[in-house]
Every structure is written in C-alpha cells, then in structure tokens.
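Let's walk through this protein together, from its overall plan down to a few individual residues. Keep the structure open beside you as you read.

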Amino acid sequence: MSNDYSVSGNVDGWCTKCKLLLAHTIIAMANNMPVKVKCNTCNSSHKFRPKQSGISKPRAAKPKSSARKVKTQEANYNDYMSRLTDYDLTRVKIYSMDGSYKKDEIIEHFKFGVGIVLSLIPTNKIEMLFKDGPRVLVHNTVLGPNQNYLAT
Ligand SMILES: [Zn+2]
C-alpha cells in the first residue's frame, strides 16, 4: 500500500486550507512517501499530512496571552469610561454608519456595546475602544446616493 504512491498520483491527506481530509495530487516524493501535495479541491500546495495535526498545540498556547490581553483592555476601557462619562450613559449616541463622530464621544454599537471614539482616521473611519478591545468603524458614510448610482 505505501509503495503505491507516485508523483502526480492521488493520495488522501489533510488539507490545511479546507481543513478536511481530501484527495491530493502528489507533487514530490521522498522515501516512497509523498512530501509535497496539491489539494484537488482548493488547488493549494502544501506539505503532505496524512491526517489532521497540530491542532491541540495552538489551542493550548492561546488562552494565557489572550486572557491577559483582555484584562488590560478591560481595565483600559473602564478607565476611559469613568473619566469621560462618570458612568453617566444618558448622553450615549447610537452608532450609525451615516453619523458623524468626534474624538472622546461615547457611542453605543448594536453589536459591540458601548465604546469610546479614540481617534479619527481619514477620511471616514473612527477607531473605537470597546470592552473587548479596539475596533475600526466607518462613519460619515451615506449609503443612499451611492446605491442609487449603482442602480442606474
Ligand atoms: Zn484544500
């Protein structure tokens, strides 16, 4: 069975892009085993992997650093919020793409929650700090006219 492999032949292997066990075309061989293969589904070439590998590794490495990051982000966020609003959220604006916002404004996003405008990015973007971290959103964007132009 292991001697059936040959260059340009087919072999089942793990595709790192499709994240599935799929048929691959063998590009290069070493010691009667495929070393480099091309996925027949997405056409990407990569090292031959007989099955899914290395998935427990990144998963185990991640939580530590991201948990710490979230903590400082949250502290940062709380710091900003208390300084700018004194936890008075009655003046919070509701985020909308066609709105126009200024630095230090407090805006409520339907999905990300209440955030602070950190800075304006030319020409129509704002960098905002939400509880789970910074995000770039658009503003000053009027959809109506553009859509009309596209339609005609
Ligand atoms: Zn693939």
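In which loop does N43 lie? You will find N43 in the loop between β3 and β4, the latter covering residues 45-47. The model you are looking at is predicted, and in it N43 has a phi near 65°, a positive value in a residue other than glycine. N43 counts as exposed because 9 C-beta neighbours lie inside 10 Å, and a residue with 12 or fewer is put in that class.

Now step back for the overall plan. The protein has 2 helices and 9 strands. Following the sequence, you meet them in the pattern β-β-β-β-α-β-β-β-β-β-α. Of its 152 residues, 11% count as buried. If you take the contacts with a separation of 6 or more, residues 24 or more positions apart account for 29% of them.

Start the tour with the strands that come early in the sequence. Strand β1, residues 10-15, pairs with β2 in the antiparallel sense, over 6 bridges. To find your bearings here, look for N10, which stands opposite T25 in β2. The hairpin of β1 and β2 has 4 residues between the strands, and in it K19 takes a positive phi near 55°.

Strand β2 also pairs with β3, again in the antiparallel sense and over 6 bridges. Here A30 stands opposite M33 in β3. This hairpin has 2 residues between the strands. One residue to look at is N31, placed in the loop between β2 (20-30) and β3 (33-39). N31 is not a glycine, yet its phi is positive, at about 50°. Is N31 buried or exposed? N31 is exposed, since 6 other C-beta atoms lie within 10 Å.

Next, move along to the later strands. Here an open sheet of 5 strands has the order β5-β6-β7-β8-β9, with mixed pairing. Its edge strands are β5 (93-94) and β9 (133-138), each of which pairs on one side only. Within this sheet, β7 (residues 113-121) and β8 (residues 125-130) run antiparallel and are joined by 5 bridges. L120 is a handy landmark, standing opposite I126 in β8. The loop between β7 and β8 holds T123, and a cis peptide bond, with omega about -5°, joins P122 and T123.

What makes up the largest nonpolar core? This core has 6 residues in all: I107, I116, V117, I126, M128 and L137. Two or more residues come from each of β7 and β8. V117 is a good place to see how the core residues meet: leaving aside residues up to four places away in sequence, V117 touches I107, I126 and M128, and also Y101, K102, K103, D104 and E105.

Finish with I121, which is in strand β7. With 13 other C-beta atoms within 10 Å, I121 is partly exposed. Not counting residues up to four places away in sequence, I121 touches I126, E127 and V136. Of these, I126 is also a member of the largest nonpolar core. Try checking the C-alpha to C-alpha distance from I121 to L137 on your screen: the two are 16 residues apart in sequence and 9.5 Å apart in space. L137, like I126, belongs to the largest nonpolar core.

Methods. Residues numbered from 1 in each chain as written. Predicted model: local features only at pLDDT ≥ 70, side-chain atom pairs only at ≥ 80, totals over all residues. Pairing = 2+ DSSP bridges. Buried ≥ 20, exposed ≤ 12 C-beta atoms within 10 Å, placed from the backbone. Contact = placed C-beta atoms within 7 Å. Core = buried A, V, L, I, M, F, W, Y, C linked by C-beta atoms within 7 Å.
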